[in-house]
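Thanks for sharing this one. Below are a few friendly notes to read alongside the model.

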Amino acid sequence: MTDPTHIRNFSIIAHIDHGKSTLSDRVLEMTGTVASRDMQEQLLDSMDIERERGITIKSQAVRVEYTADDGEVYQLNLIDTPGHVDFTYEVSRSLAACEGAVLVVDATQGVEAQTVANAMLAMNANLEIIPLINKIDLPAAEPDCVRAEIEDGLALPADDAVLASGKTGVGVHDMLEAVVYNIPAPQGDADAPLRALIFDSYFDAYRGVVALVRVVDGSMKKGDKIRMLATNAEALVEEVGARRPAETPLPSLSVGEVGYLVTGLKDVSQVKVGDTITSAVGGVNEPLPGYREVKPMVFTGLFPIDGDQYEPLKEALEKLSLNDPALIWEPETSHALGFGFRVGFLGLLHMEVIKERLEREFGLDLLATAPSVEYHIYKTNGEMISLHSPQEMPDPGEIERVEEPYLKAKILIPPDYVGAVMDLTVQRRGTFVTMNYLSPTTVEMLWEIPLSELIMDYFDKLKSNTKGYASLDYEFDGYKPSKLVKLDILLSGKPIDALSFIVHRDKAYDRGRVLCDKLKEIIPRQMFEVPIQAAIGGRVLARQTVKAKRKDVLAKCYGGDISRKRKLLEKQKAGKKRMKSIGNVEVPQEAFMAILKVDE
Amino acid sequence: MPHEPYRALYLHIPFCVKRCNYCDFATQAIEADSPVIDEYIEQLVLQIRQKAKEGELGHIETIYLGGGTPSYIGLSRLSMLLYTLSLSLRLEPDVECSMEANPESVNEHLIRDIWALGVNRLSLGVQSFDDDILALLGRAHSAQDAERAIICAQERFDNISIDLMAGIPGQSDESFKSSVERALDLGVSHISIYPLTIEQNTPFYQQLIRGKLADTDDDVQAHHMQIAERLLQEHGFERYEVASYAKPGYACKHNCAYWTGVPYLGLGVSAATMTQNDSRRMRIQDGQVTDDLNRAQMFAEDIMLGMRMSAGVSDGLVEQAARELPKLTETLTSLVRRGFIEHSNSAWKPTEMGWLCGNELYGEILDLAPGDF
């Protein structure tokens, strides 16, 4: 066991793209944990999608041995956290496993919304924060400005901020020294009953559920019988160890240490992030603070384009769920799209990542309906239903009121863009709360905005209306009543369930009209006329028509044209495959996402 | 592989005085006296002689000199080429020998000499009799040049075809219609009507994506195709293929070969060769195999191509093909039900809708024997 005075547990936190993963790579390299020749960019991002998108989805913990300038050897546990607002809860649990955090700020970008959000999370977790200004090797680096922003915007002393470059390795040594000297050693009682915090878990086909843990009190070793307090699951410890970054078994994990634990359990939902592990016999009953059930916020219908892929899709979702308790799904049947699933996600990024993994890792061709949120419908008979899909909306006569999830959104922008953000966010039913100048160049605006509006390409719009300067962070702010109605889209007079959506009554007419126009562009001409209508109940609000196709033939067909023609017809066929035949209308995939792109 | 004899020969001449704005053919704008042309023709001559020596030209029934602009390369080179042909295969009056020409490079001498050397069908790239449209297309001739060329050609040729383009952005119905009427007045025997397609890698495409040219409009193109059909049929032309109209007896035999499963040999850049036997058909272009079809796919292709012609597909061919394509009859019945084709006089033929929306029906027919593209 390592003396807790020689353990430092810390995280590196940052806004996306500020260079967190690259800095982590340098730490591994400089401490000799990974030989240079084995270095792979962004080593801690283990999924392909993480590396490609430059984002971290799963938490990671790596242990390095560092000989400090005082000659002592320290055990440093670096916990890499997800870098996206969808995963705020996971971040908060990872932070709870640490005593300190290195707050990385890009020397060319300065403080951004997630810098603030992550710094707040770290402060709330009572962590010692070491500001680090990264990318100082870039010509556009302005460390003095950034230092001022950190002091003004985050109220953190930044005189001693470490100046570093993950790319060149400059300042990484300074950072490690600051970690050793500024971050407190873990406290905890080695002789008390076991208490350990789970900050990540995943399913391994050969070993069962593996958890990443921080031991708070006591210790655990192979053969111990343990219990999870929130889920009440019991398990036998099959192995404990640390990642360096390859898994290295250890005799025990004791007070203050971070490592992994192999449980042999088959269900990842028994080992939840934020839960407390104790001894099955003689353990504690008091959980560590901060545990919460993760609830999906965004829902979408996922349908295989080829009906034969229903079973493979189900199997793929089962496989992904093994490792992702936040992913929930239930079968859904659509008249238009056939059999599929209604899937719940933590947020839009989570949704995109899962869809991409389903398509890429499992070779599925999927059609996704427009994302929706969970509405609460209070019926006149006193019943309350949680609605995940517009299709399930009861008749207007049965509805007493509808509530929808709201968010508290924090937007950071240069002062010039306050007007642009006002316009956009008011248009999206946002309510302005307040505004603060964090520095002469950065304004923080606080808003209350319905989640359903945020998932309608709000972030893209925000970025483009502010020339890319805006950054956004949000948290759930409860349910509030809204005047919401279901808008139906009819093709050739038949309502298409997968195109229905829920919209604020005052916006129904505009959205309906614009969506009809949009669908007219998207739906290709068929051999017959296709009327498009938007309607609430039986009342038609807007109408458009896709005219019948009159010509579809290539006149020239000589010699070599015949080969070209064959290929063209093949391509046309492949194009049709990407469409869904609804009734007898061929509808391309974009149609189901068109509602997201509707701009009043 | 042992193969059926070639019955059609295509020679490609990839040179033009300038490139037109819509053109994505294998051709280049080049000085008429460039040694590049001499070298190319020399190679073509060698290949013709070689094929003759190998006995590949013994059954040729139609010849087509296309381009590019064959008339652009001038009399002496054309004479060498035609003379080589006459020494290499049976170039008698019953053998159809077409040559493409553009109005600006047609003159009396050229007409007399190529006719004397065996060319018996002239295909003139007129495109329009409207000077504004010709300028838009980037053609090297005026409407008057086109008329003069036709009249000049008529001194020797009775089998004269012209190409007219339809559905060009900015081309009014009136402009298109009067071009068709002008052609009728001039008394040509064959007219091809092509709706403009804006291909990638053309000046038109560049103009289109820069917003300087409107995209083609399918409704307008359909309307123009219908104007042409009505006018030409009133004047004794028969539409024998999607884009081809001829007075009785003047259908282009060479083009019909492409559509009826006749093997053809193509010489020169980008020229396609089709070779086949009972169980396999291959198409080769610039040394690359572009199609390799089995027996079922051959039948599907023959039926698809047959549906481009007014003669359609005979019951006999359908009966034979059905042995390889078990779903053929079902598909044809469904196409009849949906109005794409009809059955009359022992053949399956395209309807008006089948002419205009052929891709719908061609795709379904090729699907009966899918390839592995």
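1. A working definition helps first: an angle of 65 to 115 degrees between axes counts as roughly perpendicular. Please keep in mind that this is a predicted model.

2. Now to a helix pair that spans the two chains. Helix H13 of chain A (residues 559-577) and helix H14 of chain B (residues 358-366) have axes that come within 10 Å and cross at roughly 90°. H13(A) and H14(B) are therefore roughly perpendicular to each other.

3. Which residues make this contact? On the H13(A) side they are Arg566(A), Leu569(A), Gln572(A) and Lys573(A), and H14(B) brings Asn359(B), Tyr362(B), Gly363(B) and Leu366(B). By type, the contact of H13(A) with H14(B) has 3 nonpolar, 3 polar and 2 charged residues.

4. Stepping back to the chains as a whole, 34 residues of chain B are in contact with 21 residues of chain A. The side of chain A that touches chain B is made up of 9 charged, 8 nonpolar and 4 polar residues.

5. Chain A also has an open sheet of 6 strands with mixed pairing, in the order E2-E3-E1-E4-E5-E6. Its edge strands, E2 (60-67) and E6 (162-163) of chain A, each pair on one side only.

6. At the E6(A) end, strand E5 of chain A (residues 128-134) runs parallel to E6(A), and 2 bridges join them. Ile133(A) has Leu163(A) in E6(A) as its bridge partner.

7. Finally, helix H6 of chain A (residues 172-182) lies across strands E1, E2, E3, E4, E5 and E6 of chain A. Relative to E5(A), helix H6 of chain A runs at about 170°.

Key:
Residues numbered from 1 in each chain as written. Chains lettered and ligands numbered in written order. Predicted model: local features only at pLDDT ≥ 70, side-chain atom pairs only at ≥ 80, totals over all residues. Contact = placed C-beta atoms within 7 Å. Nonpolar A, V, L, I, M, F, W, Y, C, P; charged D, E, K, R; others polar. Axes fitted to C-alpha atoms, helices over the stretch in contact; angles between N-to-C directions. Helix = DSSP H or I, 4+ residues; strand = E, 2+ residues; numbered from the N terminus. Parallel < 35°, antiparallel > 145°, perpendicular 65-115°, else oblique. Pairing = 2+ DSSP bridges.
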